[in-house]
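Q: Could you take a close look at one part of this model for me, the place where the two chains meet, and then walk outward from there? I would like one connected account that I can follow with the structure open beside me.

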Protein chains: 2
Amino acid sequence: MSSGKILVAQGGGPTAVINQSLVGVVLEARRHHDVRLVYGARHGVRGIVDEDFVDLTQETSHNLELVAGTPASALGSTRDKPDLAYCQEIFKVLQAHRIEHFFYIGGNDSADTVRIVADEANKAGYPLRSLHIPKTIDNDLVGNDHTPGFPSAARFVAQAFAGANLDNAALPGVYVGVVMGRHAGFLTAASALGKKFADDGPHLIYLPERTFELERFLADVKATYERLGRCVIAVSEGIHDASGRPIAAQLAKDLEHDAHGNVQLSGNGALADLLCEEIKTKLRIKRVRGDTFGYLQRSFVGCVSDVDQREAREVGEKAVQYALWGDRDGSVAIERTGFYSVDYRLQPLEAVAGKTRTMEDGFIAASGTDVTDAFRLYLRPLLGSGMPDAFRLRPAPVPKVLKR
Amino acid sequence: MSSGKILVAQGGGPTAVINQSLVGVVLEARRHHDVRLVYGARHGVRGIVDEDFVDLTQETSHNLELVAGTPASALGSTRDKPDLAYCQEIFKVLQAHRIEHFFYIGGNDSADTVRIVADEANKAGYPLRSLHIPKTIDNDLVGNDHTPGFPSAARFVAQAFAGANLDNAALPGVYVGVVMGRHAGFLTAASALGKKFADDGPHLIYLPERTFELERFLADVKATYERLGRCVIAVSEGIHDASGRPIAAQLAKDLEHDAHGNVQLSGNGALADLLCEEIKTKLRIKRVRGDTFGYLQRSFVGCVSDVDQREAREVGEKAVQYALWGDRDGSVAIERTGFYSVDYRLQPLEAVAGKTRTMEDGFIAASGTDVTDAFRLYLRPLLGSGMPDAFRLRPAPVPKVLKR
């Protein structure tokens with residue numbers, strides 16, 4: 001006899017809309033007669049091996065809707081990246097609780113976990129349906145037009161650069177903003193959507209898809225500063241040299257030679273500070289400011305794309321439909337079907353698991369420091385409605401009296 | 001014969017609503033028959049001495065309204081802090097252009113500039129009316145219930161901590177967010193408005209109004225971490241030891257002894273990184289993350305308080321009324337008249353110029369690491385309507401099967 005039990009969990013870095021996917025699963029599951037109990041695991045796979053479950057069947061639809069609109073992972077998340085033994089533990093618990101459908105919301109590592117757990121179930125002949133639901137602000141899942149979570153983070157980055165540009169125009173100087181994304185530059189590239197006028201920043205964008213050369217960077221900054229009297233720069237935290245070595249490590253090493261070393265390389269402001277120091281020292285520009293967007297870009301409450309919300313909800317709903325009406329495991333993927341509309345399909349877990357998508361060449365300008373119109377057209381509809389706009393006073397100069 | 005000319009300029013750090021005040025001046029002035037020409041100076045006092053004026057009389061009302069809704073200083077700003085000789089240059093230009101009313105939107109330094117220029121005009125017997133219009137995210141102008149620009153920046157900080165708290169609850173650890181405000185802690189204290197549930201962060205708030213002791217800080221963090229398994233901390237960039245020495249300088253010096261020195265002390269991520277390093281090393285907590293809110297907190301496009309917008313507009317309008325219908329120079333001040341309503345009055349320039357307001361004792365909890373309900377009541381209405389809210393799943397634990 002069927003247990004009618006399903007389990008849902010959230011893994012990896014939280015996003016602004018990951019709870020939409022959770023609630024999509026719960027509400028859709030609750031309308032299926034085959035589902036009797038909807039369990040949630042606290043803190044992802046960690047909560048599964050610890051049998052730390054909550055019964056989501058008891059939560060009201062009303063509160064679920066409110067939770068859906070709240071950023072970050074309501075069930076809690078984990079950074080655990082399970083190996084085979086860990087996945088066998090997961091499977092043991094799923095068996096013990098007679099879970100029939102397993103839904104894991106996360107990135108490519110989470111997809112890999114689902115793949116291994118599904119393998120274990122198959123080998124054991126246990127009737128488990130395993131579904132991966134996409135989520136990542138990095139937008140680096142293969143086989144997806146884009147991933148839930150990315151549009152809202154991209155909107156934050158675009159709005160942040162729109163503001164940084166206005167601030168920099170009011171008090172001119174050089175501004176460096178460091179954006180998340182170690183291997184994929186999508187989020188850094190989103191800074192380009194903060195531009196409106198031709199002379200707006202970001203004037204230069206540095207992506208992990210291109211090799212970073214410090215001398216060329218300094219030459220780019222110098223040229224922009226001489227042309228406009230200011231320069232706004234978007235930098236991915238993942239920029240690296242030709243050998244793939246992170247620039248933060250390289251600059252820190254130079255500093256170490258000067259007895260400044262032991263600088264941390266991630267989760268801090270080091271890269272922005274080091275680049276600013278290079279610009280100040282080598283280009284002798286006085287007003288140079290750096291920000292590291294850090295956790296704000298993924299956790300800020302009140303900057304969310306309505307398109308992202310809707311799609312994050314739908315991937316959760318579709319996952320339940322694929323699980324209950326379908327006959328195979330897989331990962332839900334977003335397909336673009338119009339400008340702008342999407343549909344969903346189920347791709348094999350192997351197609352997504354552990355793989356990383358980076359920006360297509362067609363999205364990066366020949367200069368290597370800008371995006372193409374193809375990227376602008378790709379990203380704009382994802383940012384959703386109500387994007388703030390920036391307006392300027394139009395020139396009407398007054399003749400000088402004293403200094404004619 | 002009257003020239004009918006007025007001049008407006010914007011000084012100091014931009015805010016989300018400083019253009020509301022500019023447009024308040026322009027639109028109100030344009031409805032007065034005595035005003036023939038409304039000039040704006042580009043980049044504050046720098047543009048005045050350079051005679052870099054634009055004719056705002058030629059700008060459409062429609063575009064002015066759009067500019068009003070755009071953050072940062074549309075006329076451009078400056079960090080110049082004029083001395084007497086500089087102010088005499090300003091006065092010379094005002095005279096040459098036959099300016100009759102001078103409006104300067106800025107903080108306490110800008111008020112001081114207005115005061116000196118007004119003195120020069122008086123001494124010369126030149127009929128100039130000089131008005132200071134308040135603006136600062138630091139909320140540090142005396143004689144004001146609060147200052148335009150602060151509510152929107154406070155809203156950003158509150159929303160940022162609401163999100164950082166959710167993120168930290170999902171992936172537990174220690175989070176340090178460093179907030180602007182060198183002498184006044186209002187903006188850092190605003191982080192408390194991001195709290196909803198009793199165990200929400202920020203759990204600890206460090207203000208420049210209180211002496212910072214590293215050992216006590218570490219003990220506070222340890223106690224919170226042991227109690228909740230996590231800790232969210234708001235820190236003012238201006239925290240200092242009993243002698244007034246900035247903590248960033250002190251920590252950097254300790255590091256220097258370990259040959260890590262020459263760390264920059266402002267406009268960068270150093271303080272957050274140094275505090276995180278202390279927590280990691282001394283408390284042996286693994287997941288410690290630090291963000292420096294930097295320019296995002298004052299320039300982010302799309303996080304603005306409607307109350308702030310309205311009041312920033314009104315201080316501009318009132319300044320023109322005081323100038324044209326009144327008979328004295330002064331600084332426009334906001335007075336709270338109800339919960340919630342305000343009125344405006346004109347205070348003498350000397351009362352504001354060069355002075356700094358800090359947080360009242362009644363706003364700071366006895367522990368020194370939290371705010372009081374008096375502060376919550378003070379700040380809440382300023383944040384405006386539509387504040388995002390956070391919701392949780394309610395506990396409904398499932399009995400364990402394997403680990404009973």
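A: Happy to. A good place to start is helix 6 of chain B: 21 of its 21 residues are buried, so this helix is largely enclosed by the rest of the structure. Keep in mind as you look that this is a predicted model. Helix 6 of chain B covers residues 150–170 and reaches 30 Å from its first C-alpha to its last, close to the 30 Å expected at 1.5 Å a residue.

Now turn to chain A and its own helix 6. The contact between the chains takes 70 residues from chain A and 71 residues from chain B. On the side of chain A that touches chain B, helix 6 of chain A gives the most, with nine residues. Other elements of chain A that give two or more residues to this side include strand 3 (53–55), helix 3 (61–68), helix 4 (84–96), helix 10 (270–283), strand 9 (288–292) and helix 11 (296–299). By residue type, this side of chain A divides into 37 nonpolar, 21 polar and 12 charged.

How are the two copies arranged? A rotation of 180° with 0.0 Å of shift along its axis superposes chain A on chain B, with an RMSD of 0.0 Å. The two copies are thus related as by a two-fold rotation axis. In addition, 100% of the interface residues of chain A are also interface residues in chain B, so the copies meet through the same surface.

Next, look at the nonpolar residues. In soluble globular proteins, nonpolar side chains tend to be buried together. Here the largest nonpolar core has 261 residues, and those with the most contacts inside it are F103(A), V157(A) and V157(B). If you centre your view on F103(A) and leave aside its neighbours within four places in sequence, you will find it in contact with I6(A), L7(A), V8(A), V25(A), L131(A), I133(A) and A319(A).

Helix 10 of chain A, one of the elements on the side that touches chain B, deserves a stop too. Helix 10 of chain A has 14 residues and reaches 19 Å from its first C-alpha to its last, close to the 20 Å expected at 1.5 Å a residue. Its buried residues are A270(A), L271(A), A272(A), D273(A), L274(A), L275(A), C276(A) and I279(A). Following helix 10 of chain A comes R284(A), whose phi is positive, near 50°.

That brings us to some backbone details. Most residues other than glycine have a negative phi, and most peptide bonds are trans. E51(A) has a positive phi, near 50°, and lies in the loop between helix 2 (44–49) and strand 3 of chain A. E51(A) is partly exposed, with 18 other C-beta atoms within 10 Å. A72(A) also has a positive phi, near 75°, and is found in the loop between helix 3 and helix 4 of chain A. With 27 C-beta neighbours inside 10 Å, A72(A) counts as buried.

For cis peptide bonds, go to chain B. The bond from G201(B) to P202(B) is cis, with omega near 5°, and P202(B) sits in the loop between helix 7 (186–189) and strand 7 (204–206) of chain B. The bond from F339(B) to Y340(B) is cis as well, with omega near 10°. Y340(B) has its place in the loop between strand 10 (330–338) and strand 11 (341–347) of chain B.

Two histidines of chain B round off the walk. H62(B) is in helix 3 (residues 61–68) of chain B and counts as exposed, with 9 C-beta neighbours inside 10 Å. H183(B) belongs to the loop between strand 6 (174–179) and helix 7 of chain B, and is partly exposed, with 15 other C-beta atoms within 10 Å. The C-alpha atoms of H183(B) and G238(B) are separated by 6.0 Å, although these residues are 55 residues apart along the chain. Leaving aside neighbours within four places in sequence, the contacts of H183(B) are D140(B), P208(B), G238(B), T356(B) and T358(B).

Technical notes. Residues numbered from 1 in each chain as written. Chains lettered and ligands numbered in written order. Predicted model: local features only at pLDDT ≥ 70, side-chain atom pairs only at ≥ 80, totals over all residues. Contact = placed C-beta atoms within 7 Å. Helix = DSSP H or I, 4+ residues; strand = E, 2+ residues; numbered from the N terminus. Nonpolar A, V, L, I, M, F, W, Y, C, P; charged D, E, K, R; others polar. Least-squares fit on C-alpha atoms with pLDDT ≥ 70 in both. Core = buried A, V, L, I, M, F, W, Y, C linked by C-beta atoms within 7 Å. Buried ≥ 20, exposed ≤ 12 C-beta atoms within 10 Å, placed from the backbone. Expected span 1.5 Å × (residues − 1).
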